[in-house]
Every structure is written in C-alpha cells, then in structure tokens.
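Please load the model in a viewer and keep the selection panel at hand. The stops below are arranged so that each selection leads to the next.

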Amino acid sequence: MQAGGRTAGSSASPQRARHVLIIEDEPALLRALRINLEARGYRVSTAASGLAALAQAKQRPPDAILLDLGLPDMDGTEVIGTLRGWSKAPVIVLSGRASSGDKIGALDAGADDYVTKPFSMAELMARLRAALRRDEPATGGAFRIGHAKIDLAAHTAVREPDQDGGKAVPVRLTPTEWRLLELLLRSPGQLIGSARLLASLWGPGHDDSTHYLRFHMAGLRRKLEDDPHRPRHLLTEPGMGYRYQP
Ligand code: CA
C-alpha cells in the first residue's frame with residue numbers, strides 16, 4: 001500500500017488533483033477504490049448511500065463520480081437523475097447487474113459509462129481518465145482514424161496514402177454521417193448510448209430506429225476505417241451504443 005500517495009507528489013500530472021466521489025455501500029470495494037485512486041493522485045470523497053452522496057456532491061462538487069447502482073436507500077439510476085439536475089460531472093456506473101436493461105436505464109438517466117462487477121481496476125482507471133478528458137477543451141477538432149484524417153472545424157476528411165509518394169484522397173461523408181461522426185469524436189473513449197445518438201440525430205421518438213444507426217455506422221466504417229470488417233476506432237458495444245476509440 002502506498003501510504004500518503006496523494007501527498008507524495010508522485011503524480012505525473014502538474015494540474016490540480018482531480019476530485020472523485022465514490023458512491024458505494026460495500027466497504028471492501030469502497031476501500032479498494034479509494035486506495036487505488038489516491039495512489040494515482042486523485043482526491044477522493046466517499047458516500048455509502050444515495051442521500052449522503054447527493055449531499056456530498058452539492059457541498060464539494062466532484063470532477064467525476066463512480067456510482068454503484070445498488071444502494072441501500074435509493075436506486076443508483078435515481079441518484080443520476082437527481083445529480084443531472086445540477087451537475088455535469090461524468091458518472092461511471094459500477095454495475096453488479098448483468099442485465100443490459102439496467103445499464104441502458106443508467107445511461108439514459110445521464111451516466112457516461114459503466115463497468116460490470118467484478119471489473120479490473122486498470123479498466124476502470126482507463127474509463128475514468130477518458131471521462132475526465134472529455135471535459136477538457138477540444139484539441140482543435142483534428143482527429144485520426146487509421147489512415148483517415150478528419151478535421152471537424154474545416155469539415156473535411158481525407159484518406160492518407162499507404163505508402164510514400166501516394167496522394168491523399170478526399171473522403172465524402174453524408175450530412176448524417178458527419179453529425180454522427182462528430183458526436184462520437186467529441187467524446188473520445190466514451191460509450192454513447194444508442195438512445196442518446198438517436199435523439200441527437202433525429203430528435204425524440206426514434207428509440208426504435210437503431211437499424212438506421214447501424215446503417216450509418218457501417219457507412220462511416222467503410223469510408224474511414226482501414227479494415228471496415230475489423231474496426232479499431234468506431235466501435236460497437238452490442239445492445240448499448242457506440243464508442244470512438246482514439
Ligand atoms: Ca451495492
């Protein structure tokens with residue numbers, strides 16, 4: 001154990017320590033999470049119930065929240081719904097439930113991502129870093145998908161040559177593909193639920209139109225991925241949504 005990890009100045013980041021609120025009623029897991037986060041330079045506060053968590057988050061607004069769905073006093077999904085009234089901090093759900101309905105419910109309520117228990121600490125830390133990065137200002141709007149270079153500000157996409165001396169080829173995307181791509185690229189590493197994408201693209205009332213999403217995602221992969229059949233950047237989370245993996 002790394003006693004005093006957060007005061008030892010061992011963090012690679014010169015920025016102020018990010019503050020993570022852990023909401024979890026299982027003492028052993030809460031402790032493991034706290035130790036791991038503090039060892040990585042995060043400031044940590046904790047709550048073991050939904051009401052305590054909401055009070056904590058109001059008093060000391062966190063930069064990110066790890067939330068157990070099964071809390072003694074209220075459902076984690078309700079906690080998200082209440083939080084979302086006044087907090088934009090990314091929420092990563094720690095779900096002990098296997099059913100995808102619960103995860104979709106949590107994502108629809110405003111969660112940003114989820115991990116299923118038992119999860120690997122390394123995976124959770126990667127998800128947390130991605131969630132915190134999402135809050136940082138965008139980097140000029142230039143993105144890369146294999147050999148494809150996308151500039152959101154200039155609204156251009158080109159495919160760079162495989163070998164030296166080749167020519168970059170412009171890639172033509174439909175307006176819907178552009179909007180979908182922009183939604184994904186603006187949240188690197190983040191799972192974006194199908195319901196959220198559908199609502200952003202076509203407004204409310206299109207929850208059943210996931211086949212359109214699949215169609216347009218297939219178009220984006222065909223045009224942008226180096227190997228559309230084995231995409232490495234425009235990823236599907238079956239039954240959940242999509243993710244842009246930088
Ligand atoms: Ca629990």
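Begin with the open sheet of four strands, whose order is β6-β7-β8-β9 and whose pairing is antiparallel. Its edge strands, β6 and β9, each pair on one side only. Please bear in mind throughout that this is a predicted model.

**First stop: the strands of the four-stranded sheet**

Select residues 142–145, which form strand β6. The side chains alternate along this strand: F143 and I145 point to one face and are buried, whereas A142 and R144 point to the other face and are not buried. Extend the selection to β7, residues 148–151. Four bridges join β6 and β7 in the antiparallel sense, and A142 stands opposite D151 of β7. The two strands form a hairpin with two residues between them. In its turn, G146 has a positive phi of about 60°.

Next, add β8, residues 156–159, which pairs with β7 over four bridges, again in the antiparallel sense. Which residue of β8 stands opposite I150? It is A157. The hairpin of β7 and β8 has four residues between the strands, and H155 takes a positive phi near 60° there.

Complete the sheet with β9, residues 169–170. Two bridges connect β9 to β8, with antiparallel pairing. P170 in β9 is the bridge partner of V158.

**Second stop: helices on this sheet**

Show α6, residues 175–185. This helix packs on the four-stranded sheet and touches β6, β7 and β8. The direction of α6 makes about 90° with that of β7. Then show α8, residues 210–224, which also touches β6, β7 and β8 as it packs on the sheet. The direction of α8 makes about 50° with that of β8.

**Third stop: the three-stranded sheet**

Keep α6 displayed and select the open sheet of three strands with the order β10-β12-β11, paired in the antiparallel sense. The edge strands here are β10 (191–193) and β11 (234–237), each of which pairs on one side only. Neighbouring strands are turned by 30° against each other on average, direction ignored.

Focus on β11 and β12, the latter comprising residues 241–244. These antiparallel strands are joined by four bridges, and E237 stands opposite G241 in β12.

Now bring α6 back into view: the helix lies across β10, β11 and β12, running at about 70° to β12. Thus α6 has contacts with strands of the three-stranded sheet and with strands of the four-stranded sheet. Add α7, residues 194–202, which lies across β10 and β12. The helix α7 runs at about 65° to β10.

**Fourth stop: helix α2 and its surroundings**

Move to α2, residues 50–59, and colour G50, A53, L54 and A57, which are buried. Why do these buried residues line one face of the helix? Seen down the axis of α2, they fall within an arc of 95°, so they share one face. On the other side of α2, L51 and Q59 are exposed.

To see what covers the buried residues, display β1 (19–23), β2 (43–47) and α3 (76–83), which are included in that cover. Then zoom in on the start of α2, where a side-chain oxygen of S49 reaches to within 3.2 Å of the backbone nitrogen of A52.

**Fifth stop: the calcium ion**

Select the calcium ion together with D25, D68 and G70. The protein donors are OD of D25, OD of D68 and O of G70, lying 2.2 to 2.4 Å from the ion. Along the chain, the donors follow the spacing D-x42-D-x1-G.

Is D68 buried or exposed? With a relative accessibility of 3%, D68 counts as buried. The donor residue G70 has a relative accessibility of 33% and therefore counts as partly exposed.

**Final view: the whole protein**

Return to the full model, in which the protein has eight helices and 12 strands. Of its 246 residues, 43% count as buried. Among the contacts with a separation of 6 or more, 60% are accounted for by residues 24 or more positions apart.

Methods
Residues are numbered from 1 along each chain as its sequence is written. This is a predicted model: local features need pLDDT of at least 70, side-chain atom pairs count only at pLDDT 80 or more; totals for chains, interfaces and linings use all residues. Side-chain values use heavy atoms; hydrogens and water are left out. Donors are N, O and S atoms within 2.8 Å of the metal (3.2 Å for Na, K and Ca); water is not among the atoms, so sites may look incomplete. Buried means under 20% relative accessible area, exposed over 50%, partly exposed in between (1.4 Å probe, protein chains only). The arc is that of the directions from the helix axis to the C-beta atoms. Contact means heavy atoms within 4.5 Å. A polar contact is a pair of N or O atoms within 3.5 Å; within protein, one must be able to donate a hydrogen and the other to accept it, and residues adjacent in sequence count only if both atoms are side-chain atoms. Two strands pair if DSSP finds at least two bridges between them. Axes are lines fitted to C-alpha atoms, for helices over the stretch in contact, and angles run from 0 to 180 degrees between N-to-C directions.
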